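Colleague: I'm still new to reading structures like this one. Please pick a single part, take me through it closely, and then show me how the rest fits around it.

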Amino acid sequence: MSARGTAVPADTTRDRLRPLVTERGSKGFFDAAADGELAILTCEDCGRRIHLPRPRCVYCASTSVRWKPVARTGTVYAHTIVEHQVHPLFPVPYTVIVVDVDGEADGVRLIGNLPGRIDVAAGTPVRSAFEDLGTDATGNPVVLPVWEIDTERTAATDGAGR
């Protein structure tokens, strides 16, 4: 478990690609993940989400931007199944999903993957969990948000006659 978050240890951290968690443009995202949160860059002046992250607001040009938490739930916007291996550390098949984050404006979407050939469709409810990959060479926590089908919300939707 991460010292800062509620992450679940990875099955094997050696066989995973690890992001550079100290890179200026995405450090806030990975800091939030280490604390068990999803975060999107937000303008402090106009309040709009800036996604994809940039050093200034694309709406009002303010440089006063900060990473702020968003819901850890969403719905699948689109998906595809990857059948051809592109890297030895990404065994196929896996399902790439584009997620509309709950409570956010159109266009605030995150990308993730689900292991295997998963039966999903647009509108499938998902939630994030966090995978703890340990620390980098300088001791920074490396925690990845990972998506999973939200079976509780799926069951509730199916029970409502859908």
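Modeller: Let's start with the words: helices (H or I, at least four residues) and strands (E, at least two) are DSSP runs, numbered from the N terminus. With that, the protein reads β-α-β-β-β-β-β-β-β-α along its sequence, which comes to two helices and eight strands. Keep in mind that this is a predicted model. The average pLDDT is 89, and 88% of the residues score at least 70. Residues 1–13 are the stretch to be careful with: their pLDDT is below 50, although the model gives this stretch 31 contacts beyond near neighbours in sequence. Where pLDDT is low, the predicted coordinates should not be read in detail.

The part I'd pick is helix 1, residues 27–34. Six of its eight residues are buried, so the helix is largely enclosed by the rest of the structure. For this, buried means under 20% relative accessible area. The six are Gly28, Phe29, Phe30, Ala32, Ala33 and Ala34. For the protein as a whole, 33% of the 162 residues count as buried. What sits over those helix residues? The cover includes strand 2 (38–43), strand 3 (65–70), strand 7 (125–135) and strand 8 (141–149). After the helix comes Gly36, with a positive phi near 80°.

Now zoom in on the two Phe residues. Phe29 and Phe30 are both buried. A search of the whole structure turns up three aromatic pairs, and Phe29 with Phe30 is one of them: an edge-to-face pair, with 5.3 Å centre to centre and 85° between the planes. Trp67 joins these two in one aromatic cluster. Compare that with the rings of Phe90 and Tyr94, whose centres are 6.0 Å apart and whose planes are at 40°, so that pair is tilted. Tyr94 is buried, with a relative accessible area of 12%, whereas Phe90 counts as partly exposed at 31%.

Next, the strands that help to cover the helix. Strand 2 holds Leu38, which is buried with a relative accessible area of 1%. Setting aside neighbours within four places in sequence, Leu38 is in contact with Lys68, Pro69, Val70, Ala71, Arg72, Leu110, Ser128, Phe130, Pro145 and Trp147. Leu38 and Val101 are 63 residues apart in sequence, yet their C-alpha atoms are 9.7 Å apart in space. There's plenty of that kind of long reach here: among contacts between residues at least 6 apart in sequence, 53% join residues at least 24 apart.

Strand 3 gives you another example in Val65, which is partly exposed at 24% relative accessible area. Beyond four places in sequence, its contacts include Leu41, Thr42 and Cys43, as well as Ile50 and Arg54. From Val65 to Arg54, which is eleven residues away along the chain, the C-alpha separation is 8.8 Å.

Strands 7 and 8 belong together. They form a hairpin with five residues between them, and Gly139 in the turn has a positive phi of about 90°. The two strands run antiparallel to each other and pair over eight bridges. You can find Asp132 opposite Val143 in strand 8.

So where does helix 1 meet the nonpolar interior? The largest nonpolar core has 17 residues, and those with the most contacts inside it are Leu38, Ile97, Leu110, Val126 and Trp147. Helix 1 is among the elements that give two or more residues to this core, along with strand 2, strand 5 (94–101), strand 6 (109–115), strand 7 and strand 8. Strand 5 gives the most, with three residues. A second, separate core has six residues, including Phe29 as well as Val21, Val142 and Leu144.

Val126 is a good residue to click on in the largest core. Beyond four places in sequence, Val126 touches Ile97, Val99 and Trp147, among others such as Arg72, Thr73 and Arg153.

While you have the viewer open, look for two places where an Arg sits over a ring. Arg48 lies over the face of Tyr59, 3.6 Å from the ring centre. Arg109 has its charged end over the ring of Tyr77, at 3.4 Å from the centre.

Methods
Residues numbered from 1 in each chain as written. Predicted model: local features only at pLDDT ≥ 70, side-chain atom pairs only at ≥ 80, totals over all residues. Heavy atoms only, no water. Buried < 20%, exposed > 50% of the residue type's maximum accessible area, 1.4 Å probe, protein only. Contact = heavy atoms within 4.5 Å. pLDDT = per-residue confidence, 0-100. Pairing = 2+ DSSP bridges. Phe/Tyr/Trp six-rings, centres within 6.5 Å; stacked < 30°, edge-to-face > 60°. Lys NZ or Arg CZ within 6 Å of the ring centre and 35° of its normal. Core = buried A, V, L, I, M, F, W, Y, C linked by side-chain atoms within 4.5 Å.
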